[in-house]
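The following exercises concern the strands, cysteines, cavities and pockets of one structure. Each task is followed by a solution in steps.

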Amino acid sequence: MIDIAIMGHGVVGSGVAEIIYNHSKRVSEKAKEDIRIKYILDLRDFEGLPYSDKFTKDFNKIVNDPDVKIVVEVMGGCTFAYDYVKACLLAGKSVCTSNKELVAAKGAELLDIALEKNVNFLFEASVGGGTPVLRPMAQCLTANEITEVTGILNGTTNFILTKMIEDNMSFEDALKLAQDLGYAEKDPTADIEGHDACRKICILASLGFGKHVYPEQVKTEGITNVSLDDVEYANGFGCVIKLVGRTRKLDNGKITANVYPALVSKDHMLSGVSDVFNAIMVRGDEVGDVMFYGRGAGKFPTASAVVGDVIDCAKHLASRKYLHWNEGEADYVASSDNDIARFYVRLKTNDSNKTVKEIESKFSNTSYIVNADKDEVAMLTENDIEITLKNQIGSLDSCEVIKTFHVID
Ligand code: HSE
């Protein structure tokens with residue numbers, strides 16, 4: 001018998017309790033031990049549940065109980081969650097969490113404590129929700145040198161962009177629909193401004209390249225600047241607009257890490273990922289490109305990944321799992337200025353003929369769309385060093401640059 005505690009009884013926490021309670025036989029068979037929920041920590045009261053008697057408001061009961069070997073943290077945030085997770089690891093308990101904010105900010109430190117205490121700190125649900133990606137990266141792909149991870153990491157923004165692309169819905173209407181359907185929070189900032197995707201690319205980069213990447217090191221742009229006009233131009237160029245998190249290894253040992261809206265070619269495997277789905281493409285030197293696809297959010301998909309971690313912890317109580325990375329460094333994440341890039345550029349002009357001539361004289365291999373109704377020219381550059389392209393775009397003087405987005409082929 002293994003006693004566990006669940007800290008937090010919100011959407012994911014209640015899903016974890018329900019899976020363990022309703023499927024106890026299956027869970028215990030897979031763990032090769034009976035798994036029993038001993039405590040559920042929450043400040044609220046929950047009457048009428050089959051496990052209402054498990055609730056406590058006192059964290060000390062959990063951390064001081066030697067019978068509790070595994071603790072699930074699904075409270076979210078980085079204040080109490082950090083203090084409690086750290087205390088549990090220091091007390092010799094394994095911890096499983098879905099909390100991307102916590103792992104992105106404190107992952108290396110918490111993994112070090114887990115190593116020192118010979119316990120496990122697992123967080124499969126923190127990236128991709130129910131979609132397995134961290135364990136496959138750390139185990140199945142471990143013979144590879146990872147060179148790039150690019151993903152659609154946020155379900156809410158992917159839903160909004162899908163509505164804009166497929167139904168010609170405005171950003172505002174699509175956001176409202178996402179809120180009505182319960183995908184987006186009342187305050188949707190973390191999703192639409194890219195902070196959620198930023199935390200997830202931090203975790204993927206840290207695991208993929210072995211050194212912690214902190215959220216403040218990732219240049220992050222959300223989708224509030226994407227309009228239906230951009231969606232239409234993108235379609236004209238054979239692309240769809242997606243919010244992507246992207247991290248790449250450079251030859252000098254540093255990495256780049258960014259979150260931005262990008263025009264993704266319809267030939268690219270990420271372009272067909274729609275609605276609230278997530279997908280993460282991992283590039284390894286031996287395997288090439290692999291993609292992990294599935295539900296990136298939601299009660300039971302996310303809870304199933306947490307319970308998978310609980311079962312893994314139960315099977316490895318006396319040994320540590322593979323998961324680890326080192327603390328980061330201030331200058332480890334480089335600007336992507338020296339990386340290869342391609343841009344979509346949207347230009348306002350009074351004289352489209354002159355602008356087209358200027359584009360043709362300053363760039364090679366561009367494609368462009370002239371929109372006479374709006375006095376605009378939209379163009380795609382060729383692939384080149386990012387700073388070279390930025391300088392070329394900045395030198396255009398027959399027009400005004402309205403916006404630029406990256407292009408992913
Ligand atoms: N708000 C997030 C999303 C939930 O929409 O993907 C999972 O992090």
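**Exercise 1.** Determine how far β2 is enclosed by the rest of the structure.

*Solution.* Step 1: apply the cut-offs, by which a residue is buried under 20% relative accessible area, exposed over 50% and partly exposed in between, with a 1.4 Å probe and protein chains only. Step 2: count. Of the 7 residues of β2, 5 are buried, so the strand is largely enclosed by the rest of the structure. Strands here are DSSP runs (E, at least two residues), and helices are runs of H or I of at least four, both numbered from the N terminus.

The model is predicted: local features need pLDDT of at least 70, and side-chain atom pairs count only at pLDDT 80 or more, while totals for chains, interfaces and linings use all residues. Residues are numbered from 1 along each chain as its sequence is written, and side-chain values use heavy atoms, with hydrogens and water left out.

**Exercise 2.** Place β2 in its sheet and name its pairing partners.

*Solution.* Step 1: recall that strands of a sheet pair through backbone hydrogen bonds, either parallel or antiparallel. Two strands count as paired if DSSP finds at least two bridges between them. Step 2: read the order. The sheet is open, has 6 strands and runs β3-β2-β1-β4-β5-β6 with parallel pairing. Its edge strands, each pairing on one side only, are β3 (55–56) and β6 (121–122). Step 3: examine each side of β2. Strand β1 (residues 2–7) pairs with β2 in the parallel sense over 6 bridges, and A5 stands opposite Y39 in β2. Strand β2 (residues 35–41) also pairs with β3, in the parallel sense over 2 bridges; there, I40 has F55 of β3 as its bridge partner.

**Exercise 3.** Compare the span of α12 with its expected value, and find buried residues in this helix.

*Solution.* Step 1: the expected span is 1.5 Å times one less than the number of residues. Step 2: α12 has 17 residues and reaches 24 Å from its first C-alpha to its last, close to the expected 24 Å. Step 3: the buried residues of α12 include T302, A303, V306, D309, D312 and C313.

**Exercise 4.** How many disulfides does the structure hold, and why does C198 not bond to C202?

*Solution.* Step 1: a disulfide is a pair of cysteine sulfur atoms within 2.5 Å. Step 2: the structure holds 0 disulfides. Step 3: the closest cysteine sulfur to that of C198 is in C202, at 4.3 Å, which is too far for a bond. Step 4: C198 counts as buried because its relative accessibility is 5%; C399, at 14%, also counts as buried.

**Exercise 5.** Describe the cavities by volume and lining.

*Solution.* Step 1: work on a 1 Å grid over the protein atoms alone. A cavity is a set of points where a 1.4 Å probe fits but cannot get out, a pocket is an open set with protein on both sides within 12 Å along at least five of seven lines, and lining residues have an atom within 4 Å of a point. Points are joined across faces, edges and corners, and a volume is the space filled by probe spheres set on them. Step 2: there are 2 cavities of 30 Å³ or more. Step 3: the largest cavity holds about 80 Å³ of space. Its lining includes R246, R248, N258, D339, E386 and H406, and β9 (239–249), β10 (255–265) and β13 (340–341) each supply at least two lining residues. Step 4: the second largest cavity holds about 40 Å³, and L122, F123, E124, L134, R135, D309, Y322 and L323 line it.

**Exercise 6.** Which residues lie closest to the centre of each of the two largest pockets?

*Solution.* Step 1: the largest pocket has a volume of about 1,100 Å³. Of its 41 lining residues, V12, K100, E185, D196 and A297 are closest to its centre. Step 2: the second largest pocket has a volume of about 330 Å³. Of its 22 lining residues, K219, N258, E386, K390 and H406 are closest to its centre. Step 3: β10 gives the most to this second lining, with 6 residues.
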